[in-house]
Amino acid sequence: MTQDPTRKALSAAVNACRRVLVGDRKQKTSAKKTRPAQRVVDDIGAQLEAPYGFDPRTGAPAALDTLTHLKPSERGVAKKLRDWHAHLATSAAGATDADRARAAYDQLKYEIGYTALHRLCALRMIEARMAVAGSDQLQLVSRKRDSSGFKLYLQLAEGVSLGDLGRAF
């Protein structure tokens, strides 16, 4: 059965967006074959590593008490991320605890990326439906950094996102 061109294009776009958010699992396992032009972005990994103390090589989280730079609300997020990682590790494939920790870390990033991507798609669909209904006042994501949805995110996620406005976007 062949895919129709629209479905095929959509699938390619979703996979490309996921690679930007999460990185490419295949490229990471065969890093020697990766060309410089195929650099993995892995933005979610960077956000888990820097503030929340996940080791990018092993996938293991640092002990919560070593994250003294976090605010109380961020410590709550760090605790939830560790609980989620531990839950994923219980069912992850691997011969050793280290293998399971790495697999759980990859799965954690994948699930976060999947959720983020689908939420952005849902917001964009809401915009499109409102425009069809005759109200183009709602611009949640289509105006990028000037979108009302992104501005609301900045207000709600104060101190949680990384870096300046460009990095947060």
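From the N terminus on, the elements of the protein chain run α-α-α-α-α-α-α, that is, seven helices and zero strands. Both kinds of element are DSSP runs numbered from the N terminus, helices being H or I over at least four residues and strands E over at least two. The model is a predicted one, in which local features need pLDDT of at least 70 and side-chain atom pairs count only at pLDDT 80 or more, while totals for chains, interfaces and linings use all residues. Residues are numbered from 1 along each chain as its sequence is written, and side-chain values use heavy atoms, with hydrogens and water left out.

Of the 169 residues in the protein chain, 24% are buried (under 20% relative accessible area, against over 50% for exposed and in between for partly exposed; 1.4 Å probe, protein chains only). The chain exposes about 11,600 Å², with carbon and sulfur atoms supplying 58% of that area (Shrake-Rupley method, 1.4 Å probe). Among contacts (heavy atoms within 4.5 Å) with a separation of 6 or more, 41% are between residues 24 or more positions apart.

A good place to look next is the interior. The largest nonpolar core (buried Ala, Val, Leu, Ile, Met, Phe, Trp, Tyr and Cys residues joined through side-chain atoms within 4.5 Å) has 16 residues, of which Leu48, Tyr52, Phe54, Leu81 and Leu108 touch the most other members. Helices α1 (5-22), α3, α4 and α5 each give two or more residues to this core. In soluble globular proteins, nonpolar side chains tend to be buried together.

Two aromatic pairs are found (ring centres of Phe, Tyr or the six-membered ring of Trp within 6.5 Å; planes under 30 degrees apart are stacked, over 60 edge-to-face and the rest tilted). One of them is the stacked pair of phenylalanine 54 and tyrosine 105, at 5.7 Å centre to centre and 20° between the planes. This pair links distant parts of the chain, 51 residues apart: phenylalanine 54 lies in the loop between α3 (43-49) and α4 (72-91), and tyrosine 105 in helix α5 (residues 97-132). Phenylalanine 54 is buried at a relative accessible area of 2%, and tyrosine 105 is buried at 0%.

Helix α4 rewards a closer look. Glu74, Ala78, Leu81, Arg82, His85, Leu88 and Ala89 are its buried residues. They cover an arc of only 130° around the axis, so they sit on the same side of α4 (the arc is taken from the directions from the helix axis to the C-beta atoms). On the other side of α4, Pro72, Ser73, Lys80, His87, Thr90 and Ser91 are exposed.
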